[in-house]
Amino acid sequence: MIENIILIPYRNRPKQLEKFINECAPIIIENLPNSKIIIIEQEEGKDFNRGFLLNCGFKEYENKCKYFLTHDIDIFPKEKAVKEIYQREIHLNEILAISSPNSSLGGVIKIGENSIFGINGFPNNYFGWGAEDKALQNRAELRKCEIITYNYHKKQSNNEYFKYLPEEYKDSKKINFEQKSMFEYHLFQELSNEDKFTHVLASGLNNLK
């Protein structure tokens, strides 16, 4: 069984991809033995769907790994981050929010294979920029997952753990962002638990096509 699968959702950022492969992949491979880095590229024709791409990665490696790391292409971990954080063991229902915006599970997170399937992954229908990371946090909290947060994310300057690249190409900008954001950040919390579970099961790993 593979220890770690690092999933990178990708489209139209060739310079960042080349830099990640040349600069970050060697650090990750050296310090995370028995790991694979997987680039998941979306074809043209529809707005970018980060959550759907990551769900494809989860399904592809279902029952084949211990941990998943979701990893944005413009976040460059330094050796200190890989050694001290990426290597960390986590228990069932624990999630490491390694380099994620506040109140969401985006950027870089580490989650057990059993845990991501237990919360049903991301929604499949969030095309366009944003809100899928908050949806994942809502699903994790609904399943009583413990989220262990590190304060390294894009809004902070570069530090001894990470380097953040400038945006090369913002795919889809904020298409439908306000509607998705309003639901995940506000309306979801007003639902009954029964309705929350119904919503989560309506779109995710259980019905990925």
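How many bridges join strand β5 to β6, and in which sense do the two strands run? In this predicted model, strand β5 (residues 94–99) is joined to β6 by four bridges, and the two strands run antiparallel. Within this pairing, L96 has K110 of β6 as its bridge partner. Strand β6 also pairs with strand β3 (residues 65–71), again in the antiparallel sense, over five bridges. Here Y67 stands opposite G112 of β6.

The environment of β6 was examined next. Strand β6 spans residues 108–112, and because five of its five residues are buried, the strand is largely enclosed by the rest of the structure. In a regular strand, side chains alternate between the two faces of the sheet. In β6, V108, K110 and G112 point one way, whereas I109 and I111 point the other way, and all of these residues are buried. K110, the bridge partner of L96, thus belongs to the group that also contains V108 and G112.

Helix α3 (residues 79–86) contributes A81, V82, I85 and Y86 as buried residues. These residues lie on the same side of α3, because they cover an arc of only 105° around the axis. The elements that cover the buried residues of α3 include strands β3, β5 and β6, together with α1 (14–31), β4 (75–77) and β8 (162–164). Helix α3 also holds a salt bridge between K83 and E79, with the closest N and O atoms 3.5 Å apart. K83 and E79 are four residues apart in the helix, so about one helical turn separates them. Both partners are partly exposed: K83 has a relative accessible area of 44%, and E79 has a relative accessibility of 35%.

Side chains of opposite charge can pair when their charged atoms come close. Across the whole structure, 10 salt bridges were found. One of them joins the side chains of R11 and E44, at 3.8 Å from N to O. This pair links distant parts of the chain, 33 residues apart: R11 lies in the loop between β1 (2–10) and α1, and E44 in the loop between β2 (35–41) and α2 (50–60). The two partners differ in exposure, since R11 counts as buried at 5% relative accessibility, whereas E44 is exposed, with a relative accessible area of 53%.

A further salt bridge is formed by the side chains of E132 and R50, at 2.9 Å from N to O. E132 is located in helix α5 (residues 132–142) and R50 in helix α2, so the pair ties together parts that are 82 residues apart in sequence. E132 is buried at 6% relative accessibility, and R50 is likewise buried, with a relative accessible area of 9%. Together with D72, R50 and E132 are linked in a network of salt bridges.

What surrounds K196, and which side chain of opposite charge is nearest to this residue? K196 is found in helix α7 (residues 193–202). K196 is buried yet has no salt bridge. The nearest side chain of opposite charge is that of E141, 7.7 Å away, whereas a salt bridge requires a nitrogen within 4 Å of a carboxyl oxygen. When residues up to four places away in sequence are not counted, K196 touches L142, F188, Q189 and L191.

Methods
Residues are numbered from 1 along each chain as its sequence is written. This is a predicted model: local features need pLDDT of at least 70, side-chain atom pairs count only at pLDDT 80 or more; totals for chains, interfaces and linings use all residues. Side-chain values use heavy atoms; hydrogens and water are left out. Buried means under 20% relative accessible area, exposed over 50%, partly exposed in between (1.4 Å probe, protein chains only). Lys and Arg count as positive and Asp and Glu as negative; His and the chain ends are not counted. Contact means heavy atoms within 4.5 Å. Two strands pair if DSSP finds at least two bridges between them. The arc is that of the directions from the helix axis to the C-beta atoms.
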